[in-house]
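Hi,

Here is the structure I promised to pass on. Have a look at it first, and then read my notes underneath.

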Amino acid sequence: MLCGDILLITAFISYLGFFTKKYRQSLMDGTWRPYLSQLKTPIPVTPTLDLLRMLMDDADVAAWQNEGLPADRMSIENATILINCERWPLMVDPQLQGIKWIKNKYGEDLRVTQIGQKGYLQTIEHALEAGDAVLIENLEESIDPVLGPLLGREVIKKGRFIKIGDKECEYNPKFRLILHTKLANPHYQPELQAQATLINFTVTRAGLEDQLLAAVVSMERPDLEQLKSDLTKQQNGFKITLKTLEDNLLSRLSSASGNFLGETALVENLEITKQTAAEVEKKVQEANVTEVKINEAREHYRPAAARASLLYFIMNDLSKIHPMYQFSLKAFSIVFQKAVERAAPNESLRERVANLIDSITFSVYQYTARGLFECDKLTYLAQLTFQILLMNREVNAAELDFLLRSPVQTGTTSPVEFLSHQAWGAVKVLSSMEEFCNLDRDIEGSAKSWKKFVESECPEKEKLPQEWKNKTALQHLCVMRAMRPDRMTYAMQNFVEEKLGSKYVVGRALDFATSFEESGPATPMFFILSPGVDPLKDVESQGKKLGYTFNNRNFHNVSLGQGQEVVAEAALDIAAKKGHWVILQNIHLVAKWLRTLEKKLEEHSKNSHPEFRVFMSAEPAPSPEGHIIPQGILENSIKITSEPPTGMHANLHKALDNFTQDTLEMCSRETEFKSILFALCYFHAVVAERRKFGPQGWNRSYPFNTGDLTISVNVLYNFLEANAKVPYDDLRYLFGEIMYGGHITDDWDRRLCRTYLGEFIRPEMLEGELSLAPGFPLPGNMDYNGYHQYIDAELPPESPYLYGLHPNAEIGFLTQTSEKLFRTVLELQARDSQAGDGAGATREDKVKALLEEILERVTDEFNIPELMAKVEERTPYIVVAFQECGRMNILTREIQRSLRELELGLKGELTMTSHMENLQNALYFDMVPESWARRAYPSTAGLAAWLLDLFNRIKELEAWTSDFTMPSTVWLAGFFNPQSFLTAVMQSTARRNEWPLDQMALQCDVTKKNREEFRSPPREGVYVHGLFMEGARWDTQAGIITEAKLKDLTPSMPVMFIKAIPADKQDCRSVYCCPVYKTSQRGPTYVWTFNLKTKENPSKWVLAGVALLLQI
């Protein structure tokens, strides 16, 4: 053995354990070996060195595999490191494969404990003295400081004692500590990483494929798998026998003295060894022949195992979308097994394997999809389809990359009126790809046929024009993504249907009874709650059928909250013993108790009554940071989401379902009561469903619920009974400001709520002249079923008109939905799948190139002291300029700092931190890094567009601060704080005229010109440009707000003249008070209110969500 070999072996054991297979190989063969050989005095290394051979032999591996260690190379390396490392091993083992092997290996001698478990320190103390092995399982990221001295082996009194807490415990050198965590990507403190050897037991795709192959073959051809496993055991047995014989022989030889040929026993032993070796050799050869045959037969089933392995990893990645989506390998294996049993039989092996693949894919899809929210189901299906196609080499990686990223060439102007500049920018990028060469020219040349395609109602169902019609389905998607992003969700459904089959897109929910069959004492059911839905009714009705009811005393229903934990624990204990059912409602309310619940469920999963069942429900946390449900509870449960119905039709029926014929008859003033009740139901459905239009619907999201509706109807009854005339104003106030308004925190949303009630509840409703929506008059006096039938017959099909919105609102909402879909799928793509797939440079190269480009373009900071010296008088405008420069300096400083830090990290000169990793991901995914966004202005743009915008803002500031003269028209969106600029307009006028500032307002007049037509600023006030209108458009000739044009979502405004006037001189006749926001996210980005002229009733624009935006 050479000294270089020793060096590599020690590095392998102490350093490589935490890395993935690919990275281990590249470090060992691509970095370390070349480094040793190119030193000035090279360190000699055996060229054919196999580290594993040096550390263990076949007999060891054989024994480990008999103990349940997976057979792939990675697992063998992990076991070797674990056995040979000097520091305590810490296994990162999310799929619990390593721990299964450890428990089998040590058997009864292993003491298993968890931090925080009752008496866990005593367990460790006893083991320390006795020299036993201890396994501490399910570690979190932080570790009890009491264990510090033990982890660091801080021995005292000549190495004989270790301090645990304040107690000195005797230290037996045979003591062994094994640490274990279920966390998939834990971040441990550096000192723990120095005290322990981290070993990555995470299952790999190839490793899992081999395990699933064994599983599928053992079910399909039990004879083969039995033979294979007997052979392996036999082979392993032979290796162990040979090793024992060799060891025996060597020990006898070494102890023999003098003429050892005279020692009969020794010679006989030699003879036996020789004979056994010959027999074993013969059997090994026979076995090798059989093994080749077996492996050939097994290989036919590999496609099914490969598909299953892929499905598991796609499913496992879903937790990146929402922390509730956790799945265990154990649960997956059960689904896999049932799918294999369910697959249609076939005489032909090829057909049977195809049936297996189909059954496995669909079963896993169903199992996963029932636990996903509606909005994430298409994301999962898209990822599933793309990954299957990538695996079968049926898609071009560059095209898929375009589809997911949709890069846009910035600064291009569209030559055709039916495509926006943004769409044209995407077309230009697409045209640079080989398959789409000359697409841009063709669109200009055959504008008519392309216009027809782009403007068709459902372009996803149309063929592309002319010679483009023969493009593949993915290429069709790419063209659609550039031209009609709003139709991409429908196009994706068609794509999935074409590639996987229609059963994947027909959204039938599984009935509860089917899901219930899969539950068991170790598999609880977990309901992910949505507002306004009660899934536990299903549990109660299923319980009734099977004889589990509250009256039979075998059905426990605990609604969790303060003090209920004890009740829940008692219910679980008795139910596990006697086979009862337990419902635990709202477990998210008892965050501190959840760890106890996890341990309790784990405890009861073994040896409890076979009829014992647990049903839990919890609301998802509003953000990933607030997520508290432990992984152990989620991954072992059958997860079921239940969501309220969508669409106006379903919501109106559902609102009416809260009442009965008796409700309708209870009031003495029947006509008024029924009319207002129906209007309230429509109002309730509108406010609940308007949420789907995002910020244009409501600025913020509110939890309106059926309680608001039923209480409003009670109030209505009381008021009608008590008053001779219908008190419309009082009712509207109570409903709009208290019952529903109580939820509302934003003034503009309050105005919207008031406006709806003003439209729906007014005296005209009793004269039959009121329409709740275009084409939907308020019904007259009917009975309960009559109203339901009226909705079915008369309510127009779902469209934004039902909410008072313009159809463009739907286009905007669909575009954002599809953007989110592709952004999420892009983030789910495997880190290394892009490399070497023809998609160009690797991730790091792309990031490095972008990083250098940004650093080159970010200018020096503004020198504020120097600028101040140039100014004689600090007018309000100049103060604003300085504030803006200061803010810009903070931002550019952070950009330069973080990029330089990342640059050093990528070169290996600095340790990569999580902040640097986040920055790298953001640059790669074209997102604005979080630390920049925090110091910047609100923006919804991707990184490329954001940087372009940033450089324009810097240019604008540089121009303004060069001589501090007011630009002829000001780009209002270019400010960090546009409010301060608008306030400065008022301050200047106030100072000039000596008016009190608090009695002033801004008047906004929209000019008929564009910014190019202005040469100088006005004498008083300012001209501003760069605003856009959402929800309507500005008619320049007539000078009023008017209906938007279809597909023109945010038309730009002409230059606006802003000047300050005394508040009492404001003209408030026929104006719409239009809020101005910084971005389309609205809400907290509010800037100011401009009064705009309108001929129509302002309530129309309130319902349409009309606003001015500074950037789009």
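Arg 893 is partly exposed, because its relative accessible area is 43%, and that is in a predicted model, so keep this in mind throughout. Its salt-bridge partner is Glu 861, with the closest N and O atoms 2.8 Å apart. The two sit in distant parts of the chain: Arg 893 belongs to helix α38 (residues 876-907), while Glu 861 is in the loop between α36 (843-857) and α37 (864-870), and 32 residues separate them. Glu 861 comes out at 35% relative accessible area, so this residue is partly exposed too.

By the rule used here, the count of salt bridges comes to 50. I picked out a few more of them for you.

Take Glu 125 and Lys 167, whose side chains meet in a salt bridge at 2.9 Å, N to O. Glu 125 is in helix α7 (residues 120-130) and Lys 167 is in strand β6 (residues 167-170), so this salt bridge ties together parts that lie 42 residues apart in sequence. Are the two ends buried or exposed, or something in between? Glu 125 counts as buried, because its relative accessibility is 10% and the cut-off is under 20%. Lys 167 has a relative accessible area of 43%, so that end is partly exposed.

Then there is a pair inside a single helix. Asp 949 forms a salt bridge with Arg 953, and the closest N and O atoms are 2.9 Å apart. Both residues lie in helix α41 (residues 943-963), with a spacing of four residues, or about one turn of the helix. Asp 949 is buried, at 15% relative accessible area, and Arg 953 is buried as well, at 1%.

Salt bridges also join up into a network, which links Arg 24, Asp 50, Arg 73 and Glu 77.

Next, the empty space inside. How many cavities of 30 Å³ or more does a search of the whole structure find? The answer is six. The largest cavity holds about 140 Å³ of space. It is lined by 19 residues, and those closest to its centre are Trp 748, Asp 749, Arg 1082, Val 1102 and Gly 1105. Three elements give two or more residues to that lining, namely α33 (747-760), β23 (1071-1077) and α43 (1098-1103). Helix α33 supplies the largest share of the lining, with four residues.

On the outside, one spot to look at is a nonpolar surface patch formed by Met 1, Ile 6 and Met 54, which together have about 310 Å² of accessible area. Met 1 is placed in the segment before α1 (3-15). With a relative accessible area of 64%, Met 1 is exposed, because the cut-off for that label is over 50%.

Last, a residue away from the charged pairs above. Ser 359 is part of helix α15 (residues 349-369). At 12% relative accessibility, Ser 359 counts as buried. Leaving out residues up to four places away in sequence, Ser 359 touches Ala 339, Arg 342 and Ala 343.

That's what I have for now. Send me a note if you want to go over any of it.

Cheers

Conventions: Residues are numbered from 1 along each chain as its sequence is written. This is a predicted model: local features need pLDDT of at least 70, side-chain atom pairs count only at pLDDT 80 or more; totals for chains, interfaces and linings use all residues. Side-chain values use heavy atoms; hydrogens and water are left out. Buried means under 20% relative accessible area, exposed over 50%, partly exposed in between (1.4 Å probe, protein chains only). Contact means heavy atoms within 4.5 Å. Patches are made of residues with over 30% relative accessible area and no salt bridge: like charges are joined within 9 Å, nonpolar side chains (Val, Leu, Ile, Met, Phe, Trp, Tyr) within 5 Å. Accessible areas come from the Shrake-Rupley method with a 1.4 Å probe; for residues, only the protein chains shown count as cover. A salt bridge is a side-chain nitrogen of Lys or Arg within 4 Å of a carboxyl oxygen of Asp or Glu. On a 1 Å grid over the protein atoms alone, a cavity is a set of points where a 1.4 Å probe fits but cannot get out, and a pocket is an open set with protein on both sides within 12 Å along at least five of seven lines; lining residues have an atom within 4 Å of a point. Grid points are joined across faces, edges and corners, and a volume is the space filled by probe spheres set on the points.
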